[in-house]
Amino acid sequence: MAPVEIEVILCDAISAPVAYLKIVDKAFQLPLVNDTYNEVTRLAAPLSPFVETVKENVEKVTPMLESGFTTIKTKAEEKLFPQLPEGTTANIQTKLVTAKERVVTAVDNLDSLACEGLDQLTSKVPTLKAATPELLKLTKDTTVTYAEYAKEYVASYSLAQIALKLGDKGLQVATDA
């Protein structure tokens with residue numbers, strides 16, 4: 001095979017910018033989501049020093065990993081690229097760009113779909129827009145009500161079973177006599 005000019009695929013073609021999702025803003029407009037986030041942040045605050053320690057340790061190891069990765073990448077480029085047919089790198093580059101565009105489009109479509117779904121959910125369950133304490137009270141009251149209904153149902157079922165057993169015994173006595 002004839003030697004081929006070594007071309008490098010730029011990482012910029014692979015890494016897509018972090019998408020800005022509209023669903024995040026929509027979700028944070030709900031008091032329940034906002035209050036939950038604030039509470040989790042407050043509860044996680046004591047863990048912050050540990051996270052910082054881990055981050056510092058990872059930052060110490062990162063340069064070693066990057067140099068190892070660079071070495072492996074360089075050796076692969078030196079040994080593999082000359083064996084590839086001409087134009088392969090450009091073909092890969094084009095496919096990466098196309099794939100990136102498709103992923104960005106898919107993420108945008110999913111974001112719009114999620115926004116529409118959240119709008120439908122909040123329109124069908126308007127209590128989600130209520131303040132968190134009010135929502136918790138309403139949920140508790142509803143749960144207690146349904147628990148009472150279940151208790152009454154189970155109690156009536158037991159009474160019905162006992163009545164059926166008594167009726168069965170009565171019929172049995174009548175047929176035996």
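The following dialogue examines how the terms applied to this predicted model rest on computed values.

Tutor: Residues are numbered from 1 along each chain as its sequence is written. In this predicted model, local features need pLDDT of at least 70 and side-chain atom pairs count only at pLDDT 80 or more, while totals for chains, interfaces and linings use all residues; side-chain values use heavy atoms, with hydrogens and water left out.

Student: What makes up the secondary structure of the protein, in helices and strands?

Tutor: The protein has five helices and zero strands, and its elements run α-α-α-α-α from the N terminus on. Both kinds of element are DSSP runs numbered from the N terminus, helices being H or I with at least four residues and strands E with at least two.

Student: Why is the pair K26 and D119 called a salt bridge?

Tutor: The term requires a side-chain nitrogen of Lys or Arg within 4 Å of a carboxyl oxygen of Asp or Glu. The closest N and O atoms of K26 and D119 are 3.0 Å apart, so the pair satisfies the definition. The structure holds four salt bridges, this one among them.

Student: What does the pair of K26 and D119 tie together?

Tutor: K26 lies in helix α1 (residues 22-28) and D119 in helix α4 (residues 88-124), so the salt bridge ties together parts that are 93 residues apart in sequence.

Student: How do you know whether K26 and D119 are buried or exposed?

Tutor: Buried means under 20% relative accessible area, exposed means over 50%, and partly exposed lies in between (1.4 Å probe, protein chains only). K26 has 27% relative accessibility and therefore counts as partly exposed. D119, with a relative accessible area of 38%, is partly exposed too.

Student: What separates D141 and K137 along helix α5?

Tutor: The two residues are four residues apart in helix α5 (residues 132-176), which means a separation of about one helical turn. Their side chains meet in a salt bridge at 3.0 Å, N to O. D141 is partly exposed at 34% relative accessibility, whereas K137 is exposed at 53%.

Student: Why does the pair E148 and K151 count as a salt bridge?

Tutor: The closest N and O atoms of E148 and K151 are 3.4 Å apart, so the distance meets the criterion already stated. These residues are three apart in helix α5, again about one helical turn. E148 is partly exposed with a relative accessible area of 36%, and K151 is exposed with 53%.

Student: How do you know that the span of helix α3 agrees with the expected value?

Tutor: The expected span of a helix is 1.5 Å times one less than its number of residues. Helix α3 (residues 48-80) has 33 residues and should therefore span 48 Å; its end C-alpha atoms are 45 Å apart, which agrees. For α4, with 37 residues, the expected span is 54 Å and the end C-alpha atoms are 53 Å apart, which agrees as well.

Student: What is meant by the bend of α3 at V61?

Tutor: A bend at a residue is the angle between axes fitted to the seven residues ending there and the seven starting there. For α3 at V61 this angle is about 30 degrees, and a proline, P63, follows within four residues.

Student: Which buried residues does α4 have, and against what do they pack?

Tutor: The buried residues of α4 are T89, D111, C115, L118 and T122. They pack against α1. Over the protein as a whole, buried residues make up 9% of the 177 residues.

Student: What makes V24 eligible for the nonpolar patch on the surface?

Tutor: Patch residues have over 30% relative accessible area and no salt bridge; like charges are joined within 9 Å, and nonpolar side chains (Val, Leu, Ile, Met, Phe, Trp, Tyr) within 5 Å. V24 is in helix α1 and has 39% relative accessibility, so it counts as partly exposed; this value passes the patch threshold. The patch consists of L21, V24, F28, V33, Y37, V103 and V107, with about 530 Å² of accessible area together. Such areas come from the Shrake-Rupley method with a 1.4 Å probe; for residues, only the protein chains shown count as cover. Helices α1, α2 (31-44) and α4 each supply at least two of the patch residues.

Notes
Contact means heavy atoms within 4.5 Å.
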